[in-house]
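Dear colleague,

I am passing on the structure we spoke about, and below it you will find a description of how its parts are arranged. Please read the text with the structure open beside it.

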Amino acid sequence: MALTLSTTKTFTNINCSNNTSNITTFKPLKLPLFWPWQKVKMGPLSVSPMGFGTWAWGNQLLWGYQTSMDDQLQQAFELALENGINLFDTADSYGTGRLNGQSERLLGKFIKESQGLKGKQNEVVVATKFAAYPWRLTSGQFVNACRASLDRLQIDQLGIGQLHWSTASYAPLQELVLWDGLVQMYEKGLVRAVGVSNYGPQQLVKIHDYLKTRGVPLCSAQVQFSLLSMGKEQLEIKSICNELGIRLISYSPLGLGMLTGKYSSSKLPTGPRSLLFRQILPGLEPLLLALSEIAKKRGKTMPQVAINWCICKGTVPIPGIKSVRHVEDNLGALGWKLTNDEQLQLEYAAKESPKSMIQNIFQTR
């Protein structure tokens, strides 16, 4: 029996005998662009080894969002689902000005309208972050923030409820209130798991220990982690996560686009990013050269290599997506693995590059 499968979604012919007149033609098989891969554990959840971030959805200042992009964003979301991606990261603060919360609203709309998710919406793991706004002074207010996110997302329960940043350095009493808010979200069944974002090593251990005394496991820690952001503190955070059984979610795995190979000192992005790129890009030549070399050898793109490095380090990267093209390219980071020598080559090149990513000012010690 000869069996031919076409991943270009044409058709499948199965010839079951030597009689060429006996050929049955079936309807096209809808195969994923990349064969399904094993999920990884994130606390009680099973997630794809790479998720997608939605920071750009609603952000006009940095990412040039316009409502006319919504159809394209929905197509990108559908393509991600078709290829096994089930982790989507957002935040209640994502969206500029009057569009505040737009990222959550769009994600909720896409989940609700997805034909592929009919009756299976709970298979999508939504991880949202709650801002530590100065007016959120009680645990009840923090729980209400969670309920507001659920309303925008049009779902009954979050996959992961995350504290967006720590207030320990400027409002330590508020920090304890917010921690209690996370516990209450978990106990009320509003979230399946809790996590933190932008926590440095010291505060990460403290909140882990606090939650443990309350009977709540810390599922994840989201920090800036990439070949551009692998300094001593980030590696210490990764080590702590490994020791305590916390999954590290690496945001900005492409350094806001600096590791894509699309930009140079003479070709900068528009908007505020150009200021950062102008400062850092000239010092990235060794790293960009190594990424390019490995990409060519592997038949991959530079972004795919950079994301794969994050996966090889045991993290779950969440590159941002704004288009179908972004999804298609990022999916190419899955289904293969850099060798140890290739990882070392990239890490050596990163250390040889005189510039690195500026650390997020919200990250605590």
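**Helices on the sheet**

Helix H4 lies across three strands, E8, E9 and E10 (191-197), and its direction runs at about 135° to that of E8. Please keep in mind throughout that this is a predicted model.

To place those elements in the whole, the protein has 12 helices and 13 strands, and 53% of its 365 residues count as buried. Where contacts are taken between residues at least 6 apart in sequence, 75% of them join residues at least 24 apart.

The strands that H4 crosses belong to an open sheet of eight strands, which pair in parallel in the order E6-E7-E8-E9-E10-E11-E12-E13. At its edges stand E6 (52-53) and E13 (316-317), each of which has a single partner strand, so that one side of each is left without a neighbour in the sheet.

**Strand E8 and its neighbours**

How many of the six residues of E8 are buried? In strand E8, which covers residues 125-130, six of the six are buried, and the strand is therefore largely enclosed by the rest of the structure. In a regular strand the side chains alternate between the two faces of the sheet. Both faces of E8 are covered, with Val125, Ala127 and Lys129 buried on one side and Val126, Thr128 and Phe130 buried on the other.

On one flank, E8 pairs with strand E7 (residues 87-91) in the parallel sense over five bridges. Within this pairing, threonine 90 stands opposite threonine 128 of E8, and phenylalanine 88 has valine 126 of E8 as its bridge partner. Helix H3 packs on the sheet here, where it touches both E7 and E8, and its direction makes about 150° with that of E7. The chain passes from E7 through H3 to E8, and the β-α-β crossover formed in this way is right-handed.

E8 also pairs with strand E9 (residues 158-163), again in the parallel sense, over four bridges, and in this pairing alanine 127 stands opposite isoleucine 160 of E9. The connection from E8 to E9 leads through H4, and this β-α-β crossover is right-handed.

**How H3 meets H4**

The two connecting helices also pack on each other: H3 (residues 102-113) and H4 (residues 139-153) have axes 7 Å apart and make an angle of about 45°, and the two helices are therefore oblique to each other. On the H3 side the contact is made by Glu104, Arg105, Leu107 and Gly108, which meet Ser149, Arg152 and Leu153 of H4. Sorted by character, the residues of this contact comprise two nonpolar, two polar and three charged.

**From E9 to E11**

Further along the sheet, E9 and E10 run parallel and are joined by five bridges, with leucine 163 having valine 196 of E10 as its bridge partner. The chain crosses from E9 to E10 through helix H5 (residues 172-187), in a β-α-β crossover that is right-handed. Of the seven residues of E10, six are buried, so this strand is largely enclosed by the rest of the structure.

Beyond E10, four bridges join this strand to E11 (residues 218-224), and the two run parallel. Valine 196 stands opposite alanine 221 of E11. Helix H6 (residues 201-213) makes a right-handed β-α-β unit together with E10 and E11.

**Helix H10**

What covers the buried residues of H10? This helix spans residues 302-312, and 10 of its 11 residues are buried, so H10 is largely enclosed by the rest of the structure. The buried residues are Met302, Pro303, Gln304, Val305, Ala306, Ile307, Asn308, Trp309, Cys310 and Cys312. Their cover includes two strands, E12 (247-251) and E13, as well as the helices H9 (285-298), H11 (324-331) and H12 (340-352). Just after H10, glycine 314 takes a positive phi of about 85°.

With kind regards

How values were computed:
Residues numbered from 1 in each chain as written. Predicted model: local features only at pLDDT ≥ 70, side-chain atom pairs only at ≥ 80, totals over all residues. Heavy atoms only, no water. Axes fitted to C-alpha atoms, helices over the stretch in contact; angles between N-to-C directions. Parallel < 35°, antiparallel > 145°, perpendicular 65-115°, else oblique. Contact = heavy atoms within 4.5 Å. Nonpolar A, V, L, I, M, F, W, Y, C, P; charged D, E, K, R; others polar. Buried < 20%, exposed > 50% of the residue type's maximum accessible area, 1.4 Å probe, protein only. Pairing = 2+ DSSP bridges. Right-handed = clockwise from strand over helix to strand, strands pointing away.
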